[in-house]
Amino acid sequence: MLGNSRVCLGIESTAHTIGFGIVTSDGEILSNELETYRPTSGGIHPREAAQHHAQVAHEVLRRAIQKAGISIDEIDIVAFSVGPGLGPCLRTGATIARALALRLGKPLVAVNHGIAHIEIGKLVSGGTDPLVLYVAGGNTLITAHHEGRYRIFGETLDIAAGNCLDAFGIYAGIGPMPAPELEARKGTTLHPLPVRVKGMDVSFSGLLTAAKKLVDSGVSIPDASLSITEAAYSMLVEVLERALALTMKKEIMTVGGLARSRRLREMIDEMVKLHDARQLYVRDEFLGDNGAMIAWTGLLMHMHGLTIDISQSKVRPRLRIDEEEAPWVGRKSS
Ligand code: MG
């Protein structure tokens, strides 16, 4: 405890990032430390990433506690990412969380990673009930809270938007995001690419294939980058606009690693101007995977009695955002 507020340690380890964040029940973020596994080539190898996390976890945790200016005994709740994510990575974080909860004799909370992205975004941007675009290397979906839980209005039918742009960048020899977006700023000619939108769902694999063909046919990397990023972002903005018309929400918030894109933000700003809505801005630090988002969501869940017994704390690699109740939304917490 710090004064009258509870202190939660949040552990994030769903993919390439291992993070430890410490947050109070007043919403004060005391620390948010992380390390990211960067493969030398190709995508994330789950076991290698998990090994990385296990190796650096101790040091990242030490830093988080030091920066928070607390002693480990002042932690009241231990929260961890239970899913979705890569099995070996999730298990590494869960093992640390269980060990700490046992040693400290404190309750354990299993947090849905996607919901945590939304809750930290709301906390730092001051949002209350946004329509959310969650775009990252492994996730692309549109969600909003409705009758007790987050509902999915649209999602990708194949690969995630971030994955599409990362794979394009690697294929073109410039590396993953943000390289394609930076190259796009130097582009001058837009080449037509297939834009696949079905209702509020999107599909990116055809776009990726076609953009690779542009590179093969000798189109310059800046022009190919411009073409693929503009196509991908317009698909996202189109489905977001449909979801906005359907849900009639007044706030739009974009979270996840790809939300760092300045161009995507700009296009969403143009779109919301036409509607009676505004875009919330989340600082870059809280857009990608981080421990503070797990800590804050852990606190919200704990206030509603949503703790978990260690024996029931198995990780859930395929967990969806709409599989769990989010009873704290739209209610005053005590
Ligand atoms: Mg994420």
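**View 1. The lining of the largest cavity.** In this predicted model, T254, A259, R265, Q279, L280, Y281, V282 and L287 line the largest cavity, where a cavity is, on a 1 Å grid over the protein atoms alone, a set of points at which a 1.4 Å probe fits but cannot get out, and lining residues have an atom within 4 Å of a point. Its volume is about 50 Å³, a volume being the space filled by probe spheres set on the points, with grid points joined across faces, edges and corners. The lining divides into five nonpolar residues, two polar and one charged (Ala, Val, Leu, Ile, Met, Phe, Trp, Tyr, Cys and Pro count as nonpolar, Asp, Glu, Lys and Arg as charged, and the others, Gly among them, as polar). Residues are numbered from 1 along each chain as its sequence is written. Because the model is predicted, local features need pLDDT of at least 70 and side-chain atom pairs count only at pLDDT 80 or more, while totals for chains, interfaces and linings use all residues, and side-chain values use heavy atoms, with hydrogens and water left out.

**View 2. The second largest cavity.** A search of the whole structure finds two cavities of 30 Å³ or more, and the second largest has a volume of about 30 Å³. Its lining is formed by L133, T140, L141, I142, G154, E155, T156, M200, V202, L236 and V239. The elements giving two or more residues to this lining are β7, β8 and α7, with the largest share, three residues, coming from β7; helices (H or I, at least four residues) and strands (E, at least two) are DSSP runs numbered from the N terminus. Seven of the lining residues are nonpolar, three polar and one charged.

**View 3. The open sheet β8-β7-β6-β11-β12.** This sheet of five strands has mixed pairing, two strands being paired if DSSP finds at least two bridges between them. Strands β8 (149-155) and β12 (278-280) form the edges, each pairing on one side only, and the twist averages 30 degrees from one strand to the next. Strand β7 (residues 140-146) runs antiparallel to β8 and is joined to β8 by six bridges; I142 has G154 as its bridge partner in β8.

**View 4. Helices on the sheet of View 3.** Helix α3 (residues 113-125) lies across β6 (131-135), β7, β8, β11 (251-255) and β12, and runs at about 120 degrees to β11. Helix α7 (residues 221-247) packs on the sheet and touches β6, β7, β8 and β11, its direction making about 155 degrees with that of β6. Contact means heavy atoms within 4.5 Å, and angles run from 0 to 180 degrees between N-to-C directions of axes, which are lines fitted to C-alpha atoms, for helices over the stretch in contact.

**View 5. The open sheet β3-β2-β1-β4-β5 and helix α1.** Five strands with mixed pairing make up this sheet; β3 (29-36) and β5 (108-112) stand at the edges, each with a single partner strand, so one side of each is left without a neighbour in the sheet. Neighbouring strands are turned by 20 degrees against each other on average, direction ignored. Strands β1 (residues 7-12) and β2 (residues 17-24) pair in the antiparallel sense over six bridges, and the bridge partner of E12 in β2 is G19. Helix α1 (residues 46-68) lies across β1, β2 and β3, running at about 160 degrees to β3.

Key
1 Å grid on protein atoms, 1.4 Å probe; cavity = no way out; pocket = protein on both sides within 12 Å on 5 of 7 lines; lining within 4 Å.
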